[in-house]
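Colleague: I should like to learn how to read helix packing and a ligand site in a model. May we work through one example together?

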Amino acid sequence: MMDSFEFNKIAGAVLGTLLFLMGLGIVTDSIFHVPLPKVAGYDLPAVEAEHAGGGAAATAPAAVPVAELLAKADPTKGAAVAKAQCSVCHNFEKDAPVKQGPTLFGVVGRHIGSMPGFAYSPAILERSKSDQTWTFEHLNTFVTNPRGYANGTKMTFGGLKSDTQRGDLLAYLRTLSDNPVPLPTAAPAPAPAK
Ligand code: HEC
């Protein structure tokens, strides 16, 4: 039979051991402590967003689909745009002679670089191989930024950036024909592969 003195010795030893182990735990923790990351996983360097903006817009074709521009377009206003922006270098009447640039009567749907008697630049002739004809899409891209479309073109024109004016202009060019091509529908077919 254990007396109380004996019990106290054993209890004291157990307690002492527990306290020692706890103390050891605190000490080792403070020596080998590795902080846990707030979020599990590795920190990766942030991806820079430098390619997200600006740059692309300068060379990309006009953002508004040409069918949308034409749906809202006014050919009468387009005639005024053509007079102001293009008539220095282009004639628009049927059988009119070339000026600095080729005559634009019938240009919509015409083969690119095909006006007889006009000396086109190699840049335009190169485009005619890949793009074939002046569709509304091709005209839209060219008129927005001539050198962007045909780098080296002789057409020294900075480009018509206004969507509204370009739409009106294209609607006007369409009327310069004995047999105007149909207006594109709201969802145009994807541009032919280059
Ligand atoms: C400073 C003179 C100049 C102005 C202004 C100008 N053009 Fe031109 N354009 C040219 C020349 C030169 C060419 C021939 C380009 C070549 O061979 O590289 C040309 C070619 C074109 C062609 C290709 C025709 C074909 O037969 O393949 C189109 C379409 C055209 N111009 C439309 C326009 C429109 C629309 C405007 C007005 C927004 C305009 N141009 C303003 C000089 C001009």
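The dialogue below takes up helix contacts, a loop and the ligand site in turn.

Modeller: Please keep in mind throughout that this is a predicted model.

Colleague: Let us begin with helices α4 and α8. At roughly what angle do their axes cross?

Modeller: The axes of α4 (residues 75–85) and α8 (residues 163–175) cross at roughly 100 degrees and come within 7 Å of each other. Angles of 65 to 115 degrees count as roughly perpendicular, and α4 is therefore roughly perpendicular to α8.

Colleague: Which residues of α4 and α8 meet?

Modeller: From α4, the residues are Pro75, Lys77, Gly78, Ala79, Val81, Ala82 and Gln85; they meet Gln165, Asp168, Leu169, Ala171, Tyr172 and Thr175 of α8. Sorted by class, this contact of α4 with α8 comprises seven nonpolar, four polar and two charged residues.

Colleague: How do α6 and α8 cross, and what is the handedness of the crossing?

Modeller: The axes of α6 and α8 come within 11 Å and cross at roughly 130 degrees. An angle between 115 and 145 degrees is classed as oblique, so α6 and α8 are oblique to each other. The crossing of α6 past α8 is right-handed.

Colleague: Which side chains should I display for α6 and α8?

Modeller: Display Phe136, Leu139, Asn140, Val143 and Thr144 in α6, which meet Arg166, Leu169, Leu170 and Arg174 in α8. Five residues of this contact are nonpolar, two are polar and two are charged.

Colleague: Where does alanine 73 lie, and which residues does it touch?

Modeller: Alanine 73 lies in the loop between α3 (66–71) and α4. Leaving aside residues up to four places away in sequence, alanine 73 touches Gly167, Asp168 and Ala171. Alanine 73 and aspartate 168 are 95 residues apart along the chain, yet their C-alpha atoms are separated by 4.6 Å.

Colleague: Turning to the ligand, how many residues surround it, and which are the closest?

Modeller: The ligand is surrounded by 26 residues, the closest being Cys86, Cys89, His90, Ser121 and Met155. By class, the shell has 16 nonpolar, eight polar and two charged residues. Helix α6 (residues 136–144) gives the most to this shell, with three residues.

Colleague: What polar side-chain atoms approach oxygen atoms of the ligand, and at what distances?

Modeller: For serine 121, a side-chain N or O atom is 2.4 Å from a ligand oxygen. For tyrosine 120, the corresponding distance is 2.5 Å. Tryptophan 134 places a polar side-chain atom 2.7 Å from an oxygen atom of the ligand.

Conventions
Residues numbered from 1 in each chain as written. Predicted model: local features only at pLDDT ≥ 70, side-chain atom pairs only at ≥ 80, totals over all residues. Heavy atoms only, no water. Axes fitted to C-alpha atoms, helices over the stretch in contact; angles between N-to-C directions. Helix = DSSP H or I, 4+ residues; strand = E, 2+ residues; numbered from the N terminus. Parallel < 35°, antiparallel > 145°, perpendicular 65-115°, else oblique. Contact = heavy atoms within 4.5 Å. Nonpolar A, V, L, I, M, F, W, Y, C, P; charged D, E, K, R; others polar. Near = heavy atom within 4 Å. Polar contact = N/O pair within 3.5 Å; in protein donor to acceptor, adjacent residues only side chain to side chain. Left-handed = near helix turned anticlockwise from the far one by under 90°.
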